[in-house]
Amino acid sequence: MMAYLKIKLNHFIYAIAFISLSAFSQSKYITKTGIVGFEASVPSFEEVKATNNSVTAIINTSNGEFAALVLVKGFRFKNALMEEHFNENYAESDQYPKAIFKGQIVDFSMEKLDATNKFKINGELTFHARKVPLEAIEVKITYAATANTIELNGSFTLLASDFDIIIPKIVRKKVSNEVDVSFNFKLDKK
């Protein structure tokens with residue numbers, strides 16, 4: 001009888017654990033095909049612009065936590081030589097292969113989502129071995145209940161110098177220290 005109760009208790013514990021994991025995973029939305037772009041162009045000179053179409057991002061809808069991981073070598077430029085200089089001289093992507101954003105969407109709630117909503121996101125961006133706090137980034141969030149997807153997009157401006165990226169004197173007039181960053185994530189329920 002004791003062995004029978006022990007077996008039933010074990011089944012009960014496994015069932016509770018499975019239900020808990022299922023409930024926990026219900027609040028996560030993820031993508032591996034997010035888009036992050038940046039531009040550091042200066043008027044009258046060649047466009048300094050790149051896009052990465054394979055960014056991983058996740059949002060936990062139960063608490064508004066958001067994270068994104070960018071592989072730096074995934075940025076594509078129109079000019080192959082510019083891409084090479086970016087990876088070797090600026091981002092040093094062999095030494096610093098990832099950029100990571102971790103943050104919190106302020107006052108996020110699934111109940112607040114209907115068609116399109118604007119929220120603020122606070123967090124920290126780690127790039128080139130430097131952590132820089134980012135606050136009050138405005139994000140537009142669209143929720144499609146029928147497709148179980150959340151689309152999150154927005155933009156913000158950074159300074160290359162905040163990440164100890166030195167723009168050589170010879171190209172300082174052609175590459176801006178101000179970098180405009182844009183992002184678009186279409187996250188699916190997991």
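Strands here are DSSP runs of E, at least two residues in length, and helices are runs of H or I with at least four; both are numbered from the N terminus. With those labels in hand, let's walk through this predicted model.

**Stop 1: the whole chain.** Colour the protein by secondary structure and you will find 2 helices and 9 strands. Trace the elements from the N terminus and they run α-β-β-β-β-α-β-β-β-β-β. Now switch on the surface: its accessible area comes to about 11800 Å², and carbon and sulfur atoms account for 58% of that. Of the 190 residues, 36% are buried. If you like contact maps, take the contacts between residues at least 6 apart in sequence: 59% of them join residues at least 24 apart.

**Stop 2: the largest pocket.** Select Phe 38, Ala 40, Phe 77, Phe 86 and Val 179, the lining residues that lie nearest the centre of the largest pocket. The volume of this pocket is about 960 Å³, and its lining counts 45 residues in total.

Which elements should you show around it, each supplying at least two residues of the lining? Pick strand S1 (28–41), strand S3 (65–71), H2, S5, S6, strand S8 (149–159) and strand S9 (175–189). Give S9 a colour of its own, as this strand gives the most to the lining, with 7 residues. Then colour the lining by residue class: 37 are nonpolar, 6 polar and 2 charged.

**Stop 3: the end of S2.** Next, select Asn 60 in strand S2, which spans residues 49–60. Is Asn 60 buried or exposed? Its relative accessibility is 7%, so Asn 60 counts as buried. Add Ser 62 to the selection and show side chains: a polar contact of 2.6 Å joins the two, Asn 60 to Ser 62.

**Stop 4: two loops with positive phi.** A bit of background for this last stop: most residues other than glycine have a negative phi. Go to the loop between helix H2 (80–90) and strand S5 (98–105), where you will find Glu 92. Glu 92 is not a glycine, yet it has a positive phi of about 45°. With a relative accessible area of 28%, Glu 92 is partly exposed.

Then move along to the loop between S5 and strand S6 (116–127) and select Asp 107. Asp 107, also not a glycine, has a positive phi of about 55°. At 57% relative accessibility, Asp 107 counts as exposed, because the threshold for that class is over 50%.

Key: Residues numbered from 1 in each chain as written. Predicted model: local features only at pLDDT ≥ 70, side-chain atom pairs only at ≥ 80, totals over all residues. Heavy atoms only, no water. Buried < 20%, exposed > 50% of the residue type's maximum accessible area, 1.4 Å probe, protein only. Contact = heavy atoms within 4.5 Å. Areas by Shrake-Rupley, 256 points an atom, 1.4 Å probe, with all protein chains shown as cover. Polar contact = N/O pair within 3.5 Å; in protein donor to acceptor, adjacent residues only side chain to side chain. 1 Å grid on protein atoms, 1.4 Å probe; cavity = no way out; pocket = protein on both sides within 12 Å on 5 of 7 lines; lining within 4 Å. Points joined across faces, edges and corners; volume = space filled by probe spheres on them. Nonpolar A, V, L, I, M, F, W, Y, C, P; charged D, E, K, R; others polar.
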